Amino acid sequence: MAGHQTYEEQKALVFRGLMLLGAITIVEVVVALLAKGHLVHSIKFSEGFGHYLYMLLMIGFSLYKAYFIIFYFMHMAYEVRGLMLSVLLPTTLLIWAIIAFFQEGNSWGARRELIREKNEEIVKPASNSKPQGYLLSGFHLPQKG
Amino acid sequence: MADTSVAHAHETHDHDHQEDPNIWEGAKEPFKASYGKLMMWYFLLSDAFTFAGFLIAYGALRFSTPTWPEADFVFASFPFVDAHWPLIFVTFMTFVLIFSSVTMVRAVQEGHRENRNGVVFWMLLTVLGGAIFLGSQAYEWTTLIVKENVTMSENPFGRHIADGVYLNADGSEARKEDGTPKTFVKGDNYLLHKHDGKFDIPQVKYTTGQYAGQVKEAGLGPKAFGALFFFITGFHGFHVFSGVLFLSIIMINAASGLYAARRNGYEMVEKIGLYWHFVDLVWVFVFLVFYLL
């Protein structure tokens, strides 16, 4: 793999990687502090549309860092295409895992109040104290008419 | 490299439609990568799924609670300085990992040139970076556990669910030193302090939201926060720790001339390099979900 580049080119790539990853990290932290209102007190975008934009930007930066590390530091760019696909394609399964579990988390959150109410609910004991199953004696179908 | 000549030899065999007598001896490399390197890639793939599972669980639990502590409030301490510097120390930790990743790439490059001293020098710097990262994480954990009383099941970092005002023990409105009421707005972060083994939980009166006009306790924050933080950063830290261990072993082997004798471009260094970059890669996402979002 290393045969594709001269030694000088390789060293230049390492320096470029250091600069790139460092610069992205600094930009991420500066934007994060700006978003939470730590740098300029009048500017804050931690709610609403600005917050979504902020999150998308952070996820984008992180995915780019991940791409750079995998393809250049781990040399995936110089491996055979089949190796690259066999490692990277399975990770697309995570897209569905993220959608499904975040949906699930939202649903737990939405039903928190209901669960609390159900936990605190006092259930009256059944008036008919005979031990029974529904169909044996205690359960009567409503009469017609 | 020697690899290319081997690959050419196999191509001619394929054209002959003849079974290679050495085919079960590892003579033919799938994807033109050695067995060890290929298996390292698949191990890392499986490890990526483990970490993804943890991080997705973090997301699901975070979405299921009405509030979640903000990272810039929780992670704001810095060693030797009594200051509130949000995210600065963890940025330092990120840079330590980036630097150690870069020195690892240099070690692999020197290995391809069969330069023993170069390999050992750059690996030594990588081990040093890993050790500094572990030390930083020990500081971060100690601050959370000893100073701020976060545990696996108790989390004193909370956020107000609505606007309101703090109350004194007798039920009157608390006032600041300048006489104005001690108010807070929705989303404000707070940290409860412990006295004699018990948390001081203040009474508050909300002025907005579904509890407007009611007196409630501003209690402990979401329980899952501490457990998720310690478990996920701990699992990552354990990867760093085992990475430092294996890097040290391979560095000593390289220094002893073991890999020079193999004449395969220090492939062992390349394999541990893949693992080390993966640890950095995971940190990119841990940094994203715990500190940035």
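This is a short tour of a predicted model of a complex, from its confidence values to its core, one helix, the chain interface and a sheet.

**Stop 1: confidence.** Colour everything by pLDDT. The predictor gives the complex an ipTM of 0.86 and a pTM of 0.86. Chain B has a mean pLDDT of 89, with 92% of its residues at 70 or more. Now select residues 1–16 of chain B: pLDDT stays under 50 there, and the model has seven contacts beyond four places in sequence for this stretch. Where pLDDT is low, the predicted coordinates should not be read in detail.

**Stop 2: the largest nonpolar core.** Select Met123(B), Leu247(B), Ala254(B) and Val269(B); among the 67 residues of the largest nonpolar core, these touch the most other members. Next, show the helices that each supply at least two residues of this core: H1 (7–35) and H2 (48–73) in chain A, and H2 (35–64), H4 (88–112), H5 (116–147), H6 (224–256) and H8 (267–292) in chain B. Which helix gives the largest share of this core? That is H8(B), with 18 residues.

Zoom in on Met123(B). Apart from neighbours within four places in sequence, Met123(B) is in contact with Ala107(B), Leu247(B), Met251(B) and Ala254(B).

**Stop 3: along H5(B).** Met123(B) is one of the buried residues of H5(B), so this helix is a natural next selection. Put a distance label between its end C-alpha atoms: they are 46 Å apart, which agrees with the 46 Å that 32 residues should span at 1.5 Å a residue. The other buried residues to highlight in H5(B) include Val119(B), Trp122(B), Thr126(B), Val127(B), Phe133(B) and Leu144(B), and two glycines, Gly129(B) and Gly130(B). Turn on H4, H6 and H8 of chain B, which are among what covers these buried residues. After H5(B) comes Asn149(B), with a positive phi near 60 degrees.

**Stop 4: where the chains meet.** Colour by chain. Here 43 residues of chain A are in contact with 40 residues of chain B. On the chain B side, H2, H4 and H8 are the elements giving two or more residues. That side of chain B is made up of 25 nonpolar, nine polar and six charged residues.

**Stop 5: a sheet in chain B.** Finish with the open sheet of four strands, ordered S3-S2-S7-S8 and paired antiparallel. Its edge strands, each pairing on one side only, are S3 (183–184) and S8 (215–217). Strand S2 (residues 164–166) pairs with S3(B) in the antiparallel sense over two bridges. Select Gly164(B), and you will find Phe184(B) of S3(B) opposite.

Terms used: Residues numbered from 1 in each chain as written. Chains lettered and ligands numbered in written order. Predicted model: local features only at pLDDT ≥ 70, side-chain atom pairs only at ≥ 80, totals over all residues. Core = buried A, V, L, I, M, F, W, Y, C linked by C-beta atoms within 7 Å. Buried ≥ 20, exposed ≤ 12 C-beta atoms within 10 Å, placed from the backbone. Contact = placed C-beta atoms within 7 Å. Nonpolar A, V, L, I, M, F, W, Y, C, P; charged D, E, K, R; others polar. Expected span 1.5 Å × (residues − 1). Pairing = 2+ DSSP bridges. pLDDT = per-residue confidence, 0-100.
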